Amino acid sequence: MKKEKNFLKMSEIQLKVYKLFSLILLNLFFTNLVFADVLKPSINIDPKQVVLIQLNALMKNDSPYKDRGIEQTWEFAHPNNQRITGPLNRFKNMLKGASYSMLIDHTENTVTELYKSNTSATYEVVVLDKEKKYFKFKWKVEKNNLDGKLLNCWLTTAVSQPIPMGSSI
């Protein structure tokens with residue numbers, strides 16, 4: 001009889017531990033799913049990667065949460081660019097406006113290096129928007145020389161107005 005009570009007590013404890021462990025795992029899973037971290041600039045990220053990080057984020061703008069792509073793009077904007085285009089909500093509105101909306105949820109992109117030095121790089125970016133229209137941009141990235149945590153990180157300093165290139169159909 002005593003062994004049965006001990007067994008039942010042990011089973012209850014194991015069940016409680018199992019439930020607690022399951023809740024912790026579910027919480028971690030959903031927290032990571034909903035609030036996926038935005039990649040931060042680093043001296044290890046080269047200028048073309050900066051452009052690709054921004055474009056790929058904008059391609060899936062609302063994944064895993066609303067406007068994550070724009071937030072990712074903002075992270076790699078040079079502080080001088082952020083002063084002109086920010087704060088973040090203003091930047092979001094700018095990207096969703098007529099001039100840059102074709103970047104949001106575009107379906108394809110190509111990035112071609114036009115110029116690169118130790119401190120600056122310019123790329124031609126062509127995107128195919130969700131309406132099957134091509135647009136071309138000049139995307140300028142510079143190595144940040146301002147003191148602080150972004151020192152020597154490659155960051156976007158300018159993106160030209162889009163040039164329409166016609167339909168893919």
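A residue counts as buried when its relative accessible area is under 20%. In this predicted model, seven of the eight residues of helix α3 meet that condition, so α3 is largely enclosed by the rest of the structure. The buried residues of α3 are Arg68, Gly69, Ile70, Glu71, Gln72, Thr73 and Trp74. They pack against α2, α4 and α5.

## Overall organisation

The chain contains five helices and five strands. Along the sequence they follow the pattern α-α-α-α-α-β-β-β-β-β. Of the 169 residues in the chain, 34% are buried. Among contacts with a separation of 6 or more, 54% join residues 24 or more positions apart.

The average pLDDT of the chain is 88, and 79% of the residues score at least 70. Residues 25-34 have a pLDDT below 50, and in the model this stretch has three contacts beyond near neighbours in sequence.

## The nonpolar core

In soluble globular proteins, nonpolar side chains tend to be buried together. Here, the largest nonpolar core comprises 28 residues, and Leu103, Val125, Phe137 and Trp139 have the most contacts inside it. Two or more residues of this core come from each of α2 (47-59), α3 (68-75), α5 (88-96), β2, β3 (133-143) and β4 (154-159). Helix α2 provides the largest share, five residues.

The surroundings of Trp139 illustrate how separate parts of the sequence meet. Setting aside residues up to four places away in sequence, Trp139 touches Val51, Gln54, Leu55, Leu103, Ala121, Thr122, Tyr123, Val125, Thr156, Ala158 and Val159.

## Two buried strand residues

Which strand holds Thr122? Thr122 belongs to β2, which spans residues 120-128. With a relative accessibility of 16%, Thr122 falls under the 20% limit and therefore counts as buried. Apart from residues up to four places away in sequence, Thr122 touches Thr112, Glu113, Leu114, Tyr115, Lys138, Trp139 and Lys140.

Val111 is located in strand β1, residues 108-116. Its relative accessibility is 13%, so Val111 counts as buried. Although Val111 and Glu124 are 13 residues apart in sequence, their C-alpha atoms are 5.8 Å apart in space. When neighbours within four places in sequence are left aside, Val111 is in contact with Lys48, Val51, Leu52, Leu55, Tyr123, Glu124 and Val125.

## The largest pocket

Rolling a probe the size of a water molecule over the atoms shows where empty space is left. The largest pocket has a volume of about 280 Å³. It is lined by 19 residues, of which Asn81, Phe91, Met94, Ala158 and Val159 are the closest to its centre. Each of α2, α4 (79-85), α5 and β4 gives two or more residues to this lining. What is the balance of nonpolar, polar and charged residues in the lining of the largest pocket? The lining divides into 11 nonpolar and eight polar residues, with no charged residue.

Ala158 and Val159, which are among the residues closest to the pocket centre, are also among the contacts of Trp139. Helix α5 and strand β4 likewise appear both in the pocket lining and in the largest nonpolar core.

## Backbone features in the loops

Most residues other than glycine have a negative phi, and most peptide bonds are trans. The table lists four places in this model that depart from these tendencies.

| Feature | Value | Location |
|---|---|---|
| Cis peptide bond, Ser63 to Pro64 | omega near 5° | Pro64: loop between α2 and α3 |
| Cis peptide bond, Gly86 to Pro87 | omega near 5° | Pro87: loop between α4 and α5 |
| Positive phi, Asp67 | phi near 65° | loop between α2 and α3 |
| Positive phi, Asn152 | phi near 70° | loop between β3 and β4 |

Pro64 lies in the loop between α2 and α3, and Asp67 is placed in that loop as well. Are the two residues with positive phi, Asp67 and Asn152, buried or partly exposed? Asp67 has a relative accessibility of 5% and so counts as buried. Asn152, by contrast, has a relative accessibility of 38% and therefore counts as partly exposed.

Note on methods: Residues are numbered from 1 along each chain as its sequence is written. This is a predicted model: local features need pLDDT of at least 70, side-chain atom pairs count only at pLDDT 80 or more; totals for chains, interfaces and linings use all residues. Side-chain values use heavy atoms; hydrogens and water are left out. Helices (H or I, at least four residues) and strands (E, at least two) are DSSP runs, numbered from the N terminus. Buried means under 20% relative accessible area, exposed over 50%, partly exposed in between (1.4 Å probe, protein chains only). Contact means heavy atoms within 4.5 Å. A nonpolar core is a set of buried Ala, Val, Leu, Ile, Met, Phe, Trp, Tyr and Cys residues joined through side-chain atoms within 4.5 Å. pLDDT is the predictor's confidence in each residue, from 0 to 100. On a 1 Å grid over the protein atoms alone, a cavity is a set of points where a 1.4 Å probe fits but cannot get out, and a pocket is an open set with protein on both sides within 12 Å along at least five of seven lines; lining residues have an atom within 4 Å of a point. Grid points are joined across faces, edges and corners, and a volume is the space filled by probe spheres set on the points. Ala, Val, Leu, Ile, Met, Phe, Trp, Tyr, Cys and Pro count as nonpolar, Asp, Glu, Lys and Arg as charged, and the others, Gly among them, as polar.
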